[in-house]
2 protein chains.
Amino acid sequence: MAIILDGKKTAARIEEKLTEKVELLAEEKGIRPGLAVVLVGENPASTTYVRMKNKRSTKIGLHFDLRKFPPTVTKDELHETIDELNRSDKVHGILVQLPLPDHLDPHEAIDWIVPEKDADGLGTLNQGLLYRGKPCLMPCTPKGMIRLLEEYGIGTEGKNVVVVGRSELVGRPLAVMLSSRKRNATVTVAHTRTRDLCHITKQAEIVAVAAGRAQMLDADCFSEGVVVLDAGINAIPSSESKTGRRLVGDIDFESVSKIASYITPVPGGVGPMTVCMLLENTVEAARRICGL
Amino acid sequence: MAIILDGKKTAARIEEKLTEKVELLAEEKGIRPGLAVVLVGENPASTTYVRMKNKRSTKIGLHFDLRKFPPTVTKDELHETIDELNRSDKVHGILVQLPLPDHLDPHEAIDWIVPEKDADGLGTLNQGLLYRGKPCLMPCTPKGMIRLLEEYGIGTEGKNVVVVGRSELVGRPLAVMLSSRKRNATVTVAHTRTRDLCHITKQAEIVAVAAGRAQMLDADCFSEGVVVLDAGINAIPSSESKTGRRLVGDIDFESVSKIASYITPVPGGVGPMTVCMLLENTVEAARRICGL
């Protein structure tokens with residue numbers, strides 16, 4: 001049986017240390033790092049995520065500033081608010097909760113945030129810096145996945161890694177980060193158009209999946225002793241749950257956990273690490289903005 | 001025997017079409033696209049490259065503006081000249097010839113160029129856009145390698161591609177471009193820390209090498225029918241040459257050309273395509289800047 005890469009516990013431990021850091025900043029420098037979230041519309045998943053970000057920000061001592069808009073908000077109104085947050089000295093991290101309604105371009109909104117407050121690391125400039133191997137605010141999910149490996153002492157040097165998924169939020173930046181001179185993995189990016197995906201994942205020592213398709217890979221797609229990171233969160237019908245549904249990842253946890261050496265559960269794996277890295281990015285941004 | 005991917009002929013054909021395009025722009029819109037090159041010091045390879053860029057720019061009808069500096073030039077002097085070129089309405093593409101002397105940071109110099117005139121596509125913003133799959137000025141070498149495949153009708157959809165090398169100039173952007181939703185290749189980035197490189201390249205249908213090491217891969221590292229793109233240019237000693245040296249790529253052309261289906265020669269393969277794409281980027285930049 002695989003060892004569980006416990007994102008919940010790991011995130012809690014990192015957040016405890018962040019709490020101390022935030023307190024020190026407040027006491028010694030008079031800086032209270034602040035995170036602002038721009039939320040448009042009533043998407044239930046977005047609302048849940050934002051509530052969680054609020055709760056955990058507040059818990060570690062961050063100032064939290066929520067800006068809610070109806071789904072009919074115009075681009076100009078959104079930009080005006082982001083302008084205000086860009087200028088505010090109480091706010092050091094800003095994020096636009098995705099998805100946005102169709103009439104708003106997410107890239108345009110994110111690029112309206114000044115790069116030094118781009119807490120999600122999704123703006124064009126931060127992506128360019130990441131891609132170049134320069135210091136930057138890094139996207140939270142891939143950063144959290146790599147941190148989870150580190151916290152469990154799993155190296156990547158010279159290892160064959162397959163990343164399934166090429167999204168801007170997870171797959172692409174994760175591949176860049178893993179194949180950097182700091183991590184030195186040999187990385188293959190697979191995706192929906194990849195032929196014989198199982199054959200490819202089977203050759204990997206570490207597989208990171210962020211494809212957004214429920215349980216698409218089972219034990220037949222992995223070799224004995226593989227390390228598996230699953231960034232998927234999919235709701236599927238379940239007769240055993242009161243709500244009639246349960247959350248699963250992009251891999252079949254039951255079968256894969258029998259042959260993997262390490263594996264992330266869903267929920268409780270990558271998810272908690274993502275929020276944790278958002279908090280860390282906000283504290284980092286505050287330190288940089290204040291010249292520390 | 002492999003079919004030769006003739007970069008020289010292909011570039012000449014593309015440049016003929018560019019010449020017509022430039023003439024039309026001049027006649028119908030009164031726009032003469034201009035390329036400016038900033039050259040620091042007396043590096044002989046740089047001097048040769050710049051001379052070639054000058055010759056081929058002029059040949060297709062571009063305005064060419066060379067700014068030469070002694071190796072002792074200061075950052076501020078360099079930035080002043082770039083500022084002037086950024087503002088000039090005679091110049092639509094600007095590049096800083098690399099390498100720069102040690103006291104100058106190449107990234108800082110390149111990022112001083114306004115993104116819309118970044119003819120080499122190496123600025124942070126253009127790299128961020130590339131990485132995101134957005135329209136941008138693309139780095140010339142990987143763009144030229146992909147164009148060469150296209151001109152010979154070689155598809156990438158669903159193919160297994162190995163890119164050897166993770167440089168910012170070639171390997172990394174090439175991997176991003178090939179695994180994009182437009183090209184759909186399954187791409188592995190291998191590098192100096194990759195274990196058992198030959199085993200990995202042997203499984204690929206297309207191998208692109210940009211590692212900067214003379215003849216590092218021979219026929220044993222490839223499977224029958226492979227397509228090979230070689231971006232390496234290395235001088236090695238040769239008793240048969242008057243100069244006592246000859247240029248070779250990163251693969252052993254003699255043995256690999258016997259089993260490959262298509263292969264680029266060195267010289268005359270990727271090299272001419274790189275300069276050709278620089279000219280194309282300059283014309284593209286001129287059109288965009290003038291709102292066409």
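This report walks through a predicted model with chains A and B, from the way the chains are related to a sheet and a core.

## How the two chains are related

Let's start with the overall arrangement. In general, a rotation about an axis and a shift along it relate two copies of a chain. Here, a turn of 180° with a shift of 0.0 Å along the axis lays chain A on chain B, and the RMSD is 0.0 Å. That is the relation of a two-fold axis.

The interface fits into this picture too. Of the interface residues of chain A, 100% are also interface residues in chain B, so the copies meet through the same surface.

## A sheet in chain B

Now take a look at chain B, where 3 strands form an open sheet in the order β3-β2-β4, with parallel pairing. Its edge strands are β3 (63-69) and β4 (93-96), each of which pairs on one side only. On average, neighbouring strands in this sheet are turned by 15° against each other, direction ignored.

Strand β2 of chain B covers residues 34-40 and is joined to β4(B) by 4 bridges, the two running parallel. To find a spot where they face each other, look for B:V37, which stands opposite B:L95 in β4(B).

Helix α3 of chain B, residues 75-87, lies across β2, β3 and β4 of that chain. The helix runs at about 175° to β2(B).

## The nonpolar core

The largest nonpolar core holds 167 residues. Those with the most contacts inside this core are A:V207, A:A208 and A:V228, together with B:V207, B:A208 and B:V228.

A:A208 makes a good stop on the tour. Leaving aside neighbours within four places in sequence, A:A208 is in contact with A:M145, A:V161, A:V163, A:L174 and A:L229.

Terms used
Residues are numbered from 1 along each chain as its sequence is written. Chains are lettered from A and ligands numbered from 1 in the order in which they are written. This is a predicted model: local features need pLDDT of at least 70, side-chain atom pairs count only at pLDDT 80 or more; totals for chains, interfaces and linings use all residues. A nonpolar core is a set of buried Ala, Val, Leu, Ile, Met, Phe, Trp, Tyr and Cys residues joined through C-beta atoms within 7 Å. A residue is buried if 20 or more other C-beta atoms lie within 10 Å of its own, exposed if 12 or fewer, and partly exposed in between; C-beta atoms are placed from the backbone. Two residues are in contact if their C-beta atoms, placed from the backbone, lie within 7 Å. Copies are superposed by least squares on the C-alpha atoms of residues with pLDDT of at least 70 in both. Two strands pair if DSSP finds at least two bridges between them. Axes are lines fitted to C-alpha atoms, for helices over the stretch in contact, and angles run from 0 to 180 degrees between N-to-C directions.
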